[in-house]
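User: Please take a close look at a single part of this protein for me. I am in my first year, so keep the sentences short.

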Amino acid sequence: MKTFFSIVFILFSFCALQSQSLIGAWEAEKSAKTDSITKGFKIVFIFSKNHHVASAYNTKTGAFMATFGGSWSTDGNSISQTIEFDSQNPDRIGKTKSYEIELTANSLHLKGDNIKLKRIDSGGPGALAGAWLMSGRKRNGEFQSRDTNRPRKTMKILSGTRFQWIAYNTETKQFMGTGGGTYTTVNGKYTENIKFFSKDDSRVGASLQFDFELKEGDWHHSGFSSKGDPLYEIWSLRQ
């Protein structure tokens, strides 16, 4: 009888985990002490259907600290992450790490790193949730396509309220840059509110608005860059 109830409990726990979804955005606030100074920082995870990104940045200033990400999958109560980019430890790129998790509707405990996160959103309300690769640009009135299978990639991962772009090379393991924050999609306008930017902390706090349209599954993105330059980008959803 005891064995029967143990089996029932295990099956119930497995079904409960499977009924929850990692897709969306999660965050945790931490503090670290360096040179007798305690600094607060925020960790944000964004999970799309098959890809994810994790980042840390200073809570007060928005100064970028680190990011990594790639593909992910779950098996029971464990998660496996295959690293595609890592700003601090490029030796991890191409390797897969698995560890146990505890998942509820509003909390995620990554036991391997002892990180407890709370849910920010479940993939809504923004219209662009997913992992996207830049697949083209429009310059001088002409479209220029980009091979998304090449090692040099620019990826943007969005939940329902959070976004992050990352530029990297899977072959050389080089990390080029990243930025992220919150976003909205209202009446054909895509607005980014920058919370961190690896190349220039002065961009933190800026709000940028663009026109957006979904055409045959691709995201057409146009407006002006943070430097004021006109842009027209095309992003393709990653499978």
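Analyst: What follows is a walk along one strand and its neighbours, and then a look at some aromatic rings. Keep in mind that this is a predicted model.

Start with strand 12, which covers residues 162-169. How many of its residues are buried? Eight of its eight residues are, so the strand is mostly covered. Now look at the two faces of strand 12. R162, Q164, I166 and Y168 point one way. F163, W165, A167 and N169 point the other way. Residues on both faces are buried.

Next, the neighbours. Which strands pair with strand 12? One partner is strand 11, residues 152-158. Strands 11 and 12 run antiparallel, and seven bridges join them. For one of the matched positions, take K156: its bridge partner in strand 12 is W165. The link between strand 11 and strand 12 is a hairpin, made through three residues.

Another partner is strand 13, residues 174-186. Here eight bridges do the joining, and the strands are again antiparallel. F163 has its bridge partner in strand 13, at G181. Strands 12 and 13 also form a hairpin, this time with four residues between them.

Stop at that second turn. K173 sits in the loop between strand 12 and strand 13. Its phi is positive, at about 65°. Is K173 buried, exposed or partly exposed? Its relative accessible area is 34%, so K173 counts as partly exposed. For that label, the value must lie between 20% and 50%. What does K173 touch, beyond its neighbours within four places in sequence? The answer is P90 and I93. S87 makes a useful reference point too. S87 and K173 are 86 residues apart in sequence, yet their C-alpha atoms are 9.2 Å apart in space.

For another hairpin, go back along the chain to strand 7 (residues 107-110) and strand 8 (residues 115-121). These two run antiparallel and are joined by four bridges. L108 is bridged to L117 in strand 8. Four residues lie between the strands of this hairpin. In its turn, N114 has a positive phi of about 50°.

Now the rings. The model has 14 aromatic pairs. One of them is W132 with W219. This pair is edge-to-face, with 5.5 Å from centre to centre and 75° between the planes. Where do the two rings come from? W132 belongs to strand 9 (residues 130-139) and W219 to strand 16 (residues 218-224). They are 87 residues apart, so the pair links distant parts of the chain. Both W132 and W219 are buried.

F143 and Y232 form another edge-to-face pair, at 5.7 Å centre to centre and 80° between the planes. F143 lies in strand 10 (residues 142-145), and Y232 lies in strand 17 (residues 230-237). The pair therefore ties together parts that are 89 residues apart in sequence. Y232 has 19% relative accessibility, so this residue counts as buried. The cut-off is under 20%.

Y232 has a charged companion as well. The charged end of K138 sits over the ring of Y232, 5.2 Å from its centre. R203 does likewise with F197: its charged end sits over that ring, 5.2 Å from the centre.

Last, return to W132 and W219. Ring pairs link them into a cluster with Y183, Y190, F210 and W235.

Conventions:
Residues are numbered from 1 along each chain as its sequence is written. This is a predicted model: local features need pLDDT of at least 70, side-chain atom pairs count only at pLDDT 80 or more; totals for chains, interfaces and linings use all residues. Side-chain values use heavy atoms; hydrogens and water are left out. Two strands pair if DSSP finds at least two bridges between them. Rings of Phe, Tyr and Trp (its six-membered ring) pair if their centres lie within 6.5 Å; planes under 30 degrees apart count as stacked, over 60 as edge-to-face and the rest as tilted. Buried means under 20% relative accessible area, exposed over 50%, partly exposed in between (1.4 Å probe, protein chains only). A charge sits over a ring if NZ of Lys or CZ of Arg is within 6 Å of the ring centre and within 35 degrees of the ring normal. Contact means heavy atoms within 4.5 Å.
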